[in-house]
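Welcome, and thank you for taking a look at this structure. Let us walk through a few parts of it together, one step at a time.

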Amino acid sequence: MVTWRFLPLLWAYARDRRRFVLFGRPRTVSQAVHRERAERLLSILFDLGPTFVKLGQLLSSRPDVLPPVYLEVLSALQDRVPPAAWSDAEAVIEAELGPVDDRFADFDREPISGASLGQVYRAHVDDEDVAVKVRRPGIESLVEADLRVIHWSVPLLQRFVDDARAFSLETLADEFDRTIRQEMDYEREAEMLETIAANFADDDRYVHPDVIESHSGERVLTMEYVPGTKITDVERLDELDIDRAALADRLQRSYMQMIIDDGVFHADPHPGNLAVTDDGRIVFYDFGMSGRVDPFIQTKIVDFYVAIARRDTDAVLDALVEAGTLSPDADRTVMAEVLELAIQDARGEDVERYRVQQIVARVEDSIYEFPFRLPRELALILRVATVVEGVCVTLDPDFDFIETATTYLTEQGYREETTRAYLGEARDQFRESAVSAVRVPPKAESALDRLEREDLYVRAGLEDPDDHFDRLAKRIVYGLVLAAGIVTAGIGVALAEPSVAVAAVVIVVGSLIQLYRSFRTRRGIRARPQFTRQRLRERRGDDRDESDR
């Protein structure tokens, strides 16, 4: 059933790459067609149930898997499903904790929020107001069945994509399997919540609900109920006279601390999981999606941010390659120009349109072979960074995440440490250069002596990774066959041998077709540059136009 639902989209994608599926030129597909397909994918994921809703949410933050228009459409996928019947939820609570009326002083049977994997109720333990998160009844078997389908489907999907996206699909499946299992384990969620809360224990600008351990288990998690205003409710925040620019700065800093300093982070920062108290403190909800950062990745993230702050695109590319997100064979010149534009846009600077068009013209022929890929360790971090920036820009349209990151790294001493490391490397390179300078003259003199004696030989090996020589050889062969065919056709006509003439004409036509294909420039799928802030301004402009009407 699942394969059947996705088959039309897979067939369309195959025809985009090859007009006749197995051969032919690529098709040019308009943005309107891509949007229509993305909306169809959104509908399919929602119809397939909770596991695929979660998968769609994960896909919405994977630019290495889907084009931008798909990410935009899937970002609207809300993890909202009708709540399970109270009797089913009650059975889960009683199996974990015992009779509801015995364990809770009061329990509201209507859930205050519901999602695909669980739902939350208000209750009281003694005199304390609490939130009780209950795993959806029967969800385990459903998730297991869906995960089997997803893992079975990945090898099939990989046949439709290039190597970079095949790698991304495999890491996506592994990441999703791990993430959804962790999200269903409420004991792990409680542990991660307590760990992150301990890391912020000395900072009263943030609030993390306390876990009520006596009323929690693997399928039930009871926490302190902390009310607050949704972080993107800017009108209410203005009524509370809360500085939204400062709030955005604090939010970005909190995630930089979690990822760079602590190595443990809250991984689901969408607006529904972030709130603000009346006195301006940030409240974090739902730690089901949370992760840990490897120390090596932490180092590469610091290098990445420091390089961006210095606008050193070479260092940015080095950090991306070392972290495994960029192929070492990437065209560094093109990638450097793309990064320069991205940094310019992220800082809110005007991007010159003609430069964008020039760069896109250079990469559009291989847009689906762009050398970015996301290892499993970085996929969740990218999702967090993307969502957090979106929230911060909503709070403050002029928010500059590079400036905030630079200030944070400077205050924590990371930029100074990185500078010392660069100086150390420069010192080592200078020492090696000095040694080489001493060794080169004798070797040069020896080489000149051999040259004078005509005893110097040079061995050269030519590499042809793009098969230029192979194509040249084929063109020569096709040309020779074409010439021979023309001569043979002429002889056939002269001797009144129609069968010979027809056979020669067939050879001539075939050779002409092969020669044409060998000289034809391959054209890929057209793309338009899309930048976050520009799209945000355009959407706001559209919203104002609609409101005026």
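**A short walk through the model**

Let us begin with one pair of residues: Lys230 sits across from Ala275, a residue of strand S9. Keep in mind as you look that this is a predicted model.

This pair leads us to the strands around it. Strand S7 (229-230) and strand S9 (residues 274-276) run antiparallel to one another and are joined over 2 bridges. Now widen the view to the sheet: it is an open one with 4 strands, in the order S5-S10-S9-S7, and its pairing is mixed. Because S5 and S7 stand at the edges with a single partner strand each, one side of each has no neighbour in the sheet. Helix H11 (residues 244-262) packs on this sheet, where it touches S5, S9 and strand S10 (282-284). The direction of H11 makes about 45° with that of S10.

From the sheet, follow the chain out of S5. Which residue can we stop at in the loop between strand S5 (206-207) and strand S6 (220-224)? His208 lies there. Is His208 buried or exposed? Its relative accessible area is 9%, and buried means under 20%, so His208 counts as buried. Setting aside its neighbours within four places in sequence, His208 is in contact with several residues, among them Leu193, Ile196, Phe284 and Phe287. Another of its contacts is Glu224, and residue 224 is where strand S6 (220-224) ends.

That brings us to S6 itself. This strand is mostly covered, with 4 of its 5 residues buried. S6 pairs with strand S4 (residues 128-135) in the antiparallel sense, over 5 bridges. If you would like to find one of these places in the view, look for Lys133, whose bridge partner in S6 is Leu221.

Our last stop is another histidine, His266, which lies in strand S8 (residues 264-266). With a relative accessibility of 0%, His266 is buried. What does its side chain reach? The backbone oxygen of Asp286 is 3.0 Å from the side chain of His266. In addition, the side chains of His266 and Tyr255 are joined by a polar contact of 2.7 Å. Not counting residues up to four places away in sequence, His266 also touches residues including Met258, Asn273, Tyr285, Met289 and Val384. Ile196, Phe284 and Phe287 are among the residues that His266 touches, and they also appear among the contacts of His208.

Definitions and conventions
Residues numbered from 1 in each chain as written. Predicted model: local features only at pLDDT ≥ 70, side-chain atom pairs only at ≥ 80, totals over all residues. Heavy atoms only, no water. Buried < 20%, exposed > 50% of the residue type's maximum accessible area, 1.4 Å probe, protein only. Contact = heavy atoms within 4.5 Å. Polar contact = N/O pair within 3.5 Å; in protein donor to acceptor, adjacent residues only side chain to side chain. Pairing = 2+ DSSP bridges. Axes fitted to C-alpha atoms, helices over the stretch in contact; angles between N-to-C directions.
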